[in-house]
Amino acid sequence: QHLYECLALYDDLRGAMQHPGEVACALWYHDAVYEPRRSDNEARSADIAVDVLAKAGASAELASRIRSLIMDTTHSAEPSGTDGALLVDIDLAILGAGPERFAEYETQIRAEYSWVPAGIYQFERRRVLSRILSRDPIYRNEAMRLRFEDRARENLERALGNGVE
């Protein structure tokens, strides 16, 4: 579902990208490995993408740029350029979804982390959502900001105000 939603937004924003093919590749691979108990999912996903690209005959330079884009989805540093910022915005677009879809997303995230005790999950989820809410703006791209910023802030404030379940 996340990939489908990301690819739909990619289609809308493609014209704003410097290297849309690279962003598309990064989107397809950014969650190739998704194991909630691990902290190296993006790096492992990037490794898979680089391996596939090498086998397809892509240049090391191209593979490196796509690796960098995938690593931008760790949300731990400033994204690498315009394309990285768009990729990160697309990855975070779910935060600006309608209230019902956002609630569904929160339920999906909790299910993925069902092995984490409730108190620890609530503390960590609040920390993550608070960190995102403190960004000003949340979305770097103007079109994404106009489309999602206000609703994302409402969703995040509601989730934090209600207590993360």
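**Helix packing and the core**

User: Which hand does the crossing of α7 and α8 have?
Analyst: The crossing of α7 and α8 gets its hand from how the near helix sits on the far one: anticlockwise by less than a right angle is left-handed, clockwise is right-handed. Helices here (H or I, at least four residues), like strands (E, at least two), are DSSP runs numbered from the N terminus. For α7 and α8, the crossing comes out left-handed.

User: What pLDDT do side-chain atom pairs need to count?
Analyst: Residues are numbered from 1 along each chain as its sequence is written, and side-chain values use heavy atoms, leaving out hydrogens and water. This is a predicted model, in which totals for chains, interfaces and linings use all residues, local features need pLDDT of at least 70, and side-chain atom pairs count only at pLDDT 80 or more.

User: At what angle do α7 and α8 pack?
Analyst: Two packed helices are described by the angle between their axes and the distance between the axes. Axes are lines fitted to C-alpha atoms, for helices over the stretch in contact, and the angle between N-to-C directions runs from 0 to 180 degrees. With axes 10 Å apart, α7 and α8 pack at about 145 degrees.

User: Which residues of α8 make the contact with α7?
Analyst: Contact means heavy atoms within 4.5 Å. The α7 side of it is Arg126, Leu129, Ser130, Ile132 and Leu133, and these meet α8 at Arg153, Leu156, Glu157, Ala159 and Leu160.

User: How wide an arc do the buried residues of α7 cover?
Analyst: Buried means under 20% relative accessible area, exposed over 50%, and partly exposed in between (1.4 Å probe, protein chains only). The buried set in α7 is Tyr121, Arg125, Leu129, Ile132 and Leu133. They sit on the same side of α7, because the arc they cover around the axis is only 95 degrees.

User: And which exposed residues does the opposite face of α7 carry?
Analyst: The buried residues of α7 pack against α6 and α8. Turned away from that buried side is a face carrying the exposed residues Gly119 and Phe123.

User: Which element gives the most residues to the largest nonpolar core?
Analyst: A nonpolar core is a set of buried Ala, Val, Leu, Ile, Met, Phe, Trp, Tyr and Cys residues joined through side-chain atoms within 4.5 Å. The largest one has 43 residues, with Leu27, Ile90, Leu95, Tyr139 and Leu156 touching the most other members. Elements giving two or more residues include α1 (2-13), α5 (81-92) and α7 (118-133). The top contributor, with 6 residues, is α8.

User: Which residues does Leu156 contact, its near sequence neighbours aside?
Analyst: Leu156 is one of the core members that touch the most others. Beyond four places in sequence, Leu156 is in contact with Leu95, Phe102, Leu129, Ile132, Leu133 and Ile138.

User: Is Asn155 in α8 buried or exposed?
Analyst: Asn155 is in helix α8, and outside four places in sequence its contacts are Leu95, Gly96, Ala97, Pro99 and Phe102. With a relative accessibility of 0%, Asn155 counts as buried.

User: What is the relative accessible area of Met144?
Analyst: Met144 is also part of helix α8. Its contacts, leaving out neighbours within four places, are Leu9, Leu13, Asp89, Ile90, Ala93, Tyr139 and Glu149. Met144 is buried, at a relative accessible area of 1%.

User: How many residues of α5 are buried?
Analyst: Among the helices covering the buried residues of α5 are α1, α2, α4 and α8. The buried ones include Asp83, Gly84, Ile90 and Asp91. The helix is largely enclosed by the rest of the structure, because the buried count in α5 is 10 of the 12 residues.

User: How far apart in space are Cys6 and Leu27?
Analyst: Cys6 lies in α1 and is buried at 2% relative accessibility. Leu27 is one of its contacts, along with His30, Ile90 and Asp91. In sequence the pair is 21 residues apart, while C-alpha to C-alpha Cys6 and Leu27 are 7.3 Å apart.

User: What is the omega of the peptide bond from Asp136 to Pro137?
Analyst: Pro137 is in the loop between α7 and α8. The bond from Asp136 to Pro137 is cis, with omega near 5 degrees.

User: What phi does His75 have?
Analyst: His75 is in the loop between α4 and α5 and is partly exposed at 24% relative accessibility. Its phi is positive in a residue other than glycine, near 60 degrees.

How values were computed: The arc is that of the directions from the helix axis to the C-beta atoms.
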